[in-house]
Amino acid sequence: MTTSVTTDSTAARSAPLGVGAFVEETGAMGYFILVSAQTIVLPIVCSVIELATVGGDDPVLVFGKWWVFWGVGTRLLVAGVAQISGRAPTSAILGAAQPSVQEKQLTRELGSANIGMGIAGLLALVPGWELPAGVAGGVFLLTAGAMHLAKKVKNPMETFATLTDLIVGGVVVVLGVDVVIRAIVAH
């Protein structure tokens, strides 16, 4: 696997899960920065700031809340908007250099689902909504990442998206398991 990243429009069109306009403007490096921020950096930074300033008796819920907000909420909302607007490169992943009408329609439908899950993920900031807001998007990202694992040939952006899908999905599953176990033990 090569470690070089191209920044031409072909690479932008083959980026998984959207943000095509951002990739076109900033190149592949911009994609890596945006997705890194949404799925790793901002959830950790926001969690640490909240725990340091507000406190909180439950670090799992604090970290889970911010991972749902950033990793599910903002990531899927941005991807969905890009997919619906037609600026997303997602349809190129379906295999055609020039996406068909059906591939464009499928991409827009995926974009609609991503917008819905993204908006739900943003609700993680409402107390008690961390888990319900994150379940659909977390399960989606985890299964999408798992399905991408089987694909042998991936460009660097798709490889990175696969990794970050698995990270966010895994964190949401840990949050879900933690909440369910606590509920069982409490009764």
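These legends accompany close-up views of a predicted model.

**Figure 1. The protein chain as an all-helix fold, with six helices and zero strands.**
Welcome to the overview, which sets the scene for the closer views. Read from the N terminus, the elements of the protein chain follow the order α-α-α-α-α-α. Of the 187 residues in the protein chain, 42% are buried. Take the contacts between residues at least 6 apart in sequence: 73% of these join residues at least 24 apart. The protein chain has an accessible surface of about 9400 Å², and carbon and sulfur atoms account for 72% of that surface.

**Figure 2. The largest nonpolar core, with 17 residues.**
A good place to start looking is the group Trp66, Val68, Val72 and Val168, the residues that touch the most other members of this core. Helices α3 (59-85), α5 (130-149) and α6 (156-186) each contribute at least two residues to the core. Helix α3 gives the largest share, eight residues. As background, nonpolar side chains tend to be buried together in soluble globular proteins.

**Figure 3. The surroundings of Val168, and a second core.**
With its neighbours within four places in sequence left aside, Val168 is in contact with Thr39, Trp67, Gly71, Val72 and Leu141. Val72 therefore appears twice in these legends, as a contact of Val168 and as one of the core residues that touch the most other members. Another core, of seven residues, lies apart from the largest one; its members include Tyr31, Val35, Phe160 and Ala161.

**Figure 4. An aromatic cluster of Tyr31, Phe32 and Phe160.**
The model holds five aromatic pairs. In one of them, the ring centres of Phe32 and Phe160 are 5.1 Å apart and the ring planes stand at 70°, so the pair is edge-to-face. This pair bridges distant parts of the chain, since Phe32 sits in helix α2 (residues 20-53) and Phe160 in helix α6, 128 residues apart. Phe32 is buried, at 14% relative accessible area, and Phe160 is buried as well, at 16%. Tyr31 completes the cluster, and both Tyr31 and Phe160 are also among the members of the seven-residue core.

**Figure 5. A salt bridge between Arg75 and Asp165, with Ala144 alongside in the view.**
The model has five salt bridges. Here the side chains of Arg75 and Asp165 meet, with N and O 2.9 Å apart. The partners come from distant parts of the chain: Arg75 belongs to helix α3 and Asp165 to helix α6, with their positions 90 residues apart in sequence. Both Arg75 and Asp165 are buried. From Asp165, the view extends to Ala144, whose C-alpha is 7.0 Å from that of Asp165, although the two are 21 residues apart in sequence. Ala144 is part of helix α5 and is buried, with 10% relative accessible area.

**Figure 6. Lys151 and Glu158, partners in a salt bridge.**
The closest N and O atoms of Lys151 and Glu158 are 2.9 Å apart. How exposed or buried is each partner? Lys151 is partly exposed, with a relative accessible area of 34%, whereas Glu158 is buried, at 3%. As a reminder, side chains of opposite charge can pair when their charged atoms come close.

**Figure 7. A salt-bridge network of Asp58, Asp178 and Arg182.**
In the salt bridge of Asp178 with Arg182, the closest N and O atoms are 2.7 Å apart. These two residues are four residues apart in helix α6, so about one helical turn separates them. Asp178 counts as buried, with 18% relative accessibility, because the limit for buried is under 20%. Arg182 is partly exposed, at 40%. Salt bridges with shared partners bring Asp58 into one network with Asp178 and Arg182.

**Figure 8. A nonpolar surface patch of Val173, Val177, Ile181 and Val185.**
Our last stop is on the surface. Together, these four side chains, Val173, Val177, Ile181 and Val185, make a patch of about 350 Å². One of them, Val185, has its place in helix α6. Val185 counts as exposed, at 66% relative accessibility, because exposed means over 50%.

Conventions. Residues numbered from 1 in each chain as written. Predicted model: local features only at pLDDT ≥ 70, side-chain atom pairs only at ≥ 80, totals over all residues. Heavy atoms only, no water. Core = buried A, V, L, I, M, F, W, Y, C linked by side-chain atoms within 4.5 Å. Buried < 20%, exposed > 50% of the residue type's maximum accessible area, 1.4 Å probe, protein only. Contact = heavy atoms within 4.5 Å. Patch = residues over 30% accessible without salt bridge, like charges linked within 9 Å, V, L, I, M, F, W, Y side chains within 5 Å. Areas by Shrake-Rupley, 256 points an atom, 1.4 Å probe, with all protein chains shown as cover. Phe/Tyr/Trp six-rings, centres within 6.5 Å; stacked < 30°, edge-to-face > 60°.
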